[in-house]
Amino acid sequence: MKADSLSSNRKKDLISFQKNLNIKFSDINLLDLAFHHRSYANEHGNHLDNNERLEFLGDSVLGIAVADYLYKTMKDHPEGDLAKIKSVVVSEMTLSEIAINIGIQKMLLLGKGEENSGGRTKKALLADATEAVFGAYYLDSGFKVAEKLILKLLVPEIEKVWENKHHKDFKTLLQEYYQKKCKECPVYKLDKITGPDHERVFWVSVSLGDKVFGPEKGSSKKEAEQAAAKCAWDSINK
């Protein structure tokens, strides 16, 4: 998209977004592209004019920035500790929360179908756009400048994990891990329901291929699934 093809309102929004983060793009079109979902690109005639390539790049920039920070600041901790913290802070859950905090949901350009289906609240879409912003800033201003932005946003999350104060969505963590490793999703099974009607206890197990974890219990099926996911996650990270 050419600079002069951006509307004045769009330019104002992009400038405001930068001011809120205390950053400045030399090429404002790169920032704009970071918010182009493929549904929007498809509806406007150029299916490649989307943020997916920037997301791909930003994922790697994010990964090295966080890994480098953890390596240098946590010298007395083994690789397992660093990997566990990194997996949480670069997760879809964490990145989508950051996206909302910095207003990415307001900047997204979505196709009508994606807009109508609640695309602005979808965690995966928000996390992808956050990575796309990192990728765009890296291309625009270089690694050191992009790293500064990433650490500004991610170090507070790293500290939450280290202090064990972060929100733990073990189902999301487990799914992201297993999909990346095996290209498959964990399979949850409701094994049994016990207790009287007013005080039901749900028992759920989760399978990662041939390995079964649980059953674990909860006062609802959702709670039991989280417990089973935690059991699997803790076992993986031992």
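## Starting in strand 3

P215 sits in strand 3, and it is a good place to enter this predicted model. The peptide bond between G214 and P215 is cis, with omega at about 10 degrees. Strand 3 covers residues 211-218 and is an edge strand, pairing on one side only.

The neighbour on that paired side is strand 2, residues 201-208, which runs antiparallel to strand 3 and is joined to it by six bridges. Two of the pairs can be picked out by name. F202 has G218 as its bridge partner in strand 3, and W203 is partnered by K217. The hairpin that links strand 2 and strand 3 leaves two residues between the strands, and G209 there takes a positive phi near 65 degrees.

## The rest of the sheet

Step back and the sheet turns out to be an open one of three strands, in the order 1-2-3, with antiparallel pairing. Its other edge is strand 1 (187-194), which likewise pairs on one side only. On average, neighbouring strands here are turned by 20 degrees against each other, if direction is ignored. As a reminder, strands of a sheet pair through backbone hydrogen bonds, either parallel or antiparallel.

Strand 1 and strand 2 are held together by seven bridges and run antiparallel. Within that pairing, L190 stands opposite V204 of strand 2. These two strands also make a hairpin, this time with six residues between them, and G195 in the turn shows a positive phi of about 90 degrees.

What lies across strand 1, strand 2 and strand 3? That would be helix 12, residues 221-236, which runs at about 140 degrees to strand 3.

## The helical part

There is plenty of helix to look at: the chain has twelve helices alongside its three strands. Helix 6, residues 92-102, is a handy one to inspect, with M93, T94, L95, S96, I98, A99 and I102 buried. In general, an α-helix has 3.6 residues a turn, so residues three or four places apart point the same way. Right after helix 6 comes G103, with a positive phi near 85 degrees.

Now for helix 10, residues 143-162, where E157 is found. Is E157 buried or exposed? E157 counts as buried because its relative accessible area is 13%, below the 20% cut-off. Leaving aside residues up to four places away in sequence, E157 touches V89, T94 and I98. Two of these contacts, T94 and I98, are among the buried residues of helix 6.

Helix 8 gives a contrasting case. K112 belongs to this helix, which spans residues 112-116, and K112 is exposed, with a relative accessible area of 63%. From K112 to S141 is 29 residues along the sequence, and in space the C-alpha atoms are 33 Å apart.

## Positive phi outside glycine

The glycines above have positive phi, but what is the phi of N22? N22 has a phi near 60 degrees, a positive value in a residue other than glycine. N22 lies in the loop between helix 1 (8-21) and helix 2 (28-33). With a relative accessible area of 69%, N22 is exposed.

K183 is another such residue: it has a positive phi of about 60 degrees without being a glycine. Its place is the loop between helix 11 (170-182) and strand 1. K183 counts as exposed because its relative accessibility is 71%, above the 50% cut-off.

## The whole chain

Zooming out, the C-alpha atoms fill a box of roughly 65 × 45 × 30 Å along the principal axes. How much of the chain is buried? Of its 238 residues, 42% count as buried. The accessible surface comes to about 13500 Å², and carbon and sulfur atoms account for 51% of that.

As for contacts, take those between residues at least 6 apart in sequence: 54% of them join residues at least 24 apart. On the charge side, the chain carries 36 positive and 35 negative side chains, and the centres of the two sets lie 2 Å apart.

Conventions
Residues are numbered from 1 along each chain as its sequence is written. This is a predicted model: local features need pLDDT of at least 70, side-chain atom pairs count only at pLDDT 80 or more; totals for chains, interfaces and linings use all residues. Side-chain values use heavy atoms; hydrogens and water are left out. Helices (H or I, at least four residues) and strands (E, at least two) are DSSP runs, numbered from the N terminus. Buried means under 20% relative accessible area, exposed over 50%, partly exposed in between (1.4 Å probe, protein chains only). Contact means heavy atoms within 4.5 Å. Accessible areas come from the Shrake-Rupley method with a 1.4 Å probe; for residues, only the protein chains shown count as cover. Lys and Arg count as positive and Asp and Glu as negative; His and the chain ends are not counted. The place of a charge is taken as NZ of Lys, CZ of Arg, CG of Asp or CD of Glu. Two strands pair if DSSP finds at least two bridges between them. Axes are lines fitted to C-alpha atoms, for helices over the stretch in contact, and angles run from 0 to 180 degrees between N-to-C directions.
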